[in-house]
Amino acid sequence: MQDGMRNYVAGEGEAPAEPSRRTCGPRGGGGWTSTRMLVASASPITAARRLSRRFALPALRTCRRWSAVIAICVLLLPAAALANQSTYVLYLPGISGARGLDRGFVRALQEGGLSDAIEIDDWTAGNPGITALLAYDRNQREAARIALRIVERRRMHPDERFILIAHSGGCGVAAWALERLPGDVQIDHLVLLAPALSPRYDLSRALQHVRGGAVSLWSSRDRFVLGWGTLVFGTIDRRHTFAAGRVGFRFPVAGDATEYRKLTQLPYDPAWLGAGHLGDHIGMMLRPFARDVLVPILRELSTTIVPATTQPAR
């Protein structure tokens with residue numbers, strides 16, 4: 001061994017092999033010993049290139065692979081969270097109270113996969129019809145009761161998605177209930193079906209308690225109930241005019257434009273005729289429409305925090 005080393009130093013022969021000492025070197029190599037041999041006789045530039053090929057490029061490829069994995073996870077996590085998030089729906093019927101049509105509507109929402117946790121709150125207190133429409137003070141008390149119910153539910157289940165759906169006169173009670181919520185309590189989505197509120201009723205305070213989007217479905221064909229009917233008997237907020245469920249909401253004088261950005265208004269679409277909706281007052285309550293049209297609308301609404309499109313309130 002010593003003779004071989006002397007010959008190598010003198011320029012004769014080849015360097016003797018060192019004893020086998022494998023350490024924590026690069027994968028596939030012979031440890032740090034092979035690394036030293038990689039650069040021992042090379043110029044600085046050549047040595048740098050060799051080291052780059054040996055270490056930097058494999059490390060870069062590994063980083064790229066992990067970056068792709070991380071990016072995919074970041075994109076999928078919100079969708080997975082949304083899919084796994086439970087949904088609770090509170091439904092307020094119109095002035096007729098909870099009837100077979102309303103129970104069928106709820107079953108259609110369940111059949112469409114919106115949620116299995118759907119409850120009906122009949123705010124008419126056993127006095128439906130015109131009596132419920134005209135009972136303004138009692139309706140305010142019912143709204144206060146429903147507000148307490150919402151608060152209790154949110155406190156008990158803070159992570160669930162909360163959707164408040166109302167039809168006709170129930171839309172006024174829904175708006176009043178939201179207005180009474182504490183400042184730190186919000187629902188996720190508000191759905192107003194053929195609202196029997198006056199067109200310029202200010203929804204700003206109610207929308208302050210809606211974290212995501214709100215949607216209002218209206219139809220100019222709703223001539224009898226929300227046309228002639230509200231002209232003669234008045235809207236739920238006691239205005240004698242065409243209701244917002246027939247002409248759409250108009251932006252109020254003192255309205256909050258920021259809050260109104262949350263509101264999407266959907267006028268009647270003749271294509272909905274195929275789902276049984278003729279454009280009348282109860283067409284959107286029919287099971288085919290609720291299951292096949294309304295549920296997809298609500299699913300799309302649930303994927304956003306603030307809707308990208310909002311019909312300007314005039």
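This passage walks through the fold of one predicted chain, then a nonpolar patch on its surface.

The model is predicted, so local features need pLDDT of at least 70 and side-chain atom pairs count only at pLDDT 80 or more, while totals for chains, interfaces and linings use all residues. Residues are numbered from 1 along each chain as its sequence is written, and side-chain values use heavy atoms, leaving out hydrogens and water.

The chain's secondary structure comes to twelve helices and six strands (DSSP runs numbered from the N terminus: H or I of at least four residues for helices, E of at least two for strands). Of the 314 residues, 43% are buried, meaning under 20% relative accessible area, with exposed over 50% and partly exposed in between (1.4 Å probe, protein chains only).

On to the sheet. Six strands line up as an open, parallel sheet in the order β2-β1-β3-β4-β5-β6; two strands pair if DSSP finds at least two bridges between them. At the edges sit β2 (117-120) and β6 (263-267), each pairing on one side only. Four bridges join β1 (residues 87-92) to β2, and Leu-90 stands opposite Glu-119 in β2.

Now the surface. Nine names could be a lot to take in, but the nonpolar patch includes Ile-130, Leu-134, Val-225 and Trp-228. Patch members have over 30% relative accessible area and no salt bridge, with nonpolar side chains (Val, Leu, Ile, Met, Phe, Trp, Tyr) joined within 5 Å and like charges within 9 Å; a salt bridge puts a side-chain nitrogen of Lys or Arg within 4 Å of a carboxyl oxygen of Asp or Glu. Helix α9 gives the most, with six residues. Val-225 lies in α9 and is partly exposed, at 33%.

Terms used
Areas by Shrake-Rupley, 256 points an atom, 1.4 Å probe, with all protein chains shown as cover.
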